[in-house]
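Biologist: Could you take me closely through how the helices pack against one another in this model, and then through what lies around the ligand? I would like one connected account.

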Amino acid sequence: MKRIYLIGFMGSGKSAIGRRLSFLLKIPYYDMDQEIVKKMGMTIPEIFERHGEPFFRQQEHEFLKTFRDEWCIVSTGGGVAVNPSNSKLMRQTGLVLFLDATFPDIWKRISRDVNRPIVQASTREQLEALYTTRKRFYKATAHITIRTEGRTLRQITEYAAFQVNRLKSNDF
Ligand code: S3P
């Protein structure tokens, strides 16, 4: 196993947990969105606006295929695991952890976020429908599902670290 991937819907805590897990396990951490932003020299809303969503999805796929081959933690964007070739790649190159948050918790965190074009372009009902559709992709991609409801960031991080330590010698 090389990488530890965090997957899940927008606002499920992938970046917050990724950073904490990196600190706890002493493994480098990368945020896929931030890597794409750096490479393109544009924000996510700018990439969506100027190049469109399919182009952004291509960038995500390129990242997975070409990013450095090292022992690291990667938080993915909420749409990454929906593409079957991304899912396959992630499962082949690492351990995939799904942060399973409830929609009301997610909504509280993302409803006012101007940096997420999909949130900007959708109603609450549309987002909830997307959440429901995507959930089965996250579940099918993940090696481990971590329910986050009622747990602190610290508890979630410690549980994720426990799973990584338990499974790190496995060959995925
Ligand atoms: C997206 C999620 C975002 C970002 C982009 C699209 C999605 O990442 O990749 O705005 O389709 O769910 P986060 O899940 O980190 O918010």
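Modeller: In this predicted model, helix H6 passes helix H8 in a right-handed crossing. H6 covers residues 103-110 and H8 covers residues 124-141, and their axes come within 11 Å and cross at roughly 130 degrees. Angles of 65 to 115 degrees count as roughly perpendicular and those over 145 as roughly antiparallel, so H6 is oblique to H8. On the H6 side the contact is made by Phe103, Ile106, Trp107 and Ile110, and on the H8 side by Arg124, Leu127, Glu128 and Tyr131. By class, the residues of this contact of H6 with H8 divide into 6 nonpolar and 2 charged, with no polar residue.

Helix H2 takes part in two further packings. With helix H3, the crossing is left-handed; the axes of H2 (residues 32-40) and H3 (residues 44-51) come within 10 Å and cross at roughly 60 degrees, which makes H2 oblique to H3. From H2, the residues that make this contact are Asp33, Ile36, Val37 and Met40, and they meet Ile44, Ile47 and His51 of H3. The residues of the contact of H2 with H3 comprise 5 nonpolar, 1 polar and 1 charged.

The second packing of H2 is with helix H4 (residues 53-66), where the axes lie 10 Å apart and the angle is about 105 degrees; H2 and H4 are therefore roughly perpendicular to each other. Here Met32, Asp33, Glu35, Ile36, Lys39 and Met40 in H2 meet Phe55, Phe56, Gln59, Glu60, Phe63 and Leu64 in H4. Sorted by class, the residues of the contact of H2 with H4 are 7 nonpolar, 1 polar and 4 charged. Asp33, Ile36 and Met40 are thus listed in the contact of H2 with H3 and again in the contact of H2 with H4.

Asp33 also leads to the ligand, which is surrounded by 14 residues, the closest being Lys14, Asp33, Arg57, Arg116 and Arg134. A polar atom in the side chain of Asp33 lies 2.8 Å from an oxygen atom of the ligand, while Arg134 places an N or O atom of its side chain 2.7 Å from a ligand oxygen atom. Gly79 approaches through its backbone, with an N or O atom 3.4 Å from an oxygen atom of the ligand. Asp33 is therefore a residue to follow in the display, as a polar atom of its side chain lies 2.8 Å from a ligand oxygen, and H2, to which Asp33 belongs, is oblique to H3 and roughly perpendicular to H4.

Note on methods. Residues numbered from 1 in each chain as written. Predicted model: local features only at pLDDT ≥ 70, side-chain atom pairs only at ≥ 80, totals over all residues. Heavy atoms only, no water. Axes fitted to C-alpha atoms, helices over the stretch in contact; angles between N-to-C directions. Helix = DSSP H or I, 4+ residues; strand = E, 2+ residues; numbered from the N terminus. Parallel < 35°, antiparallel > 145°, perpendicular 65-115°, else oblique. Left-handed = near helix turned anticlockwise from the far one by under 90°. Contact = heavy atoms within 4.5 Å. Nonpolar A, V, L, I, M, F, W, Y, C, P; charged D, E, K, R; others polar. Near = heavy atom within 4 Å. Polar contact = N/O pair within 3.5 Å; in protein donor to acceptor, adjacent residues only side chain to side chain.
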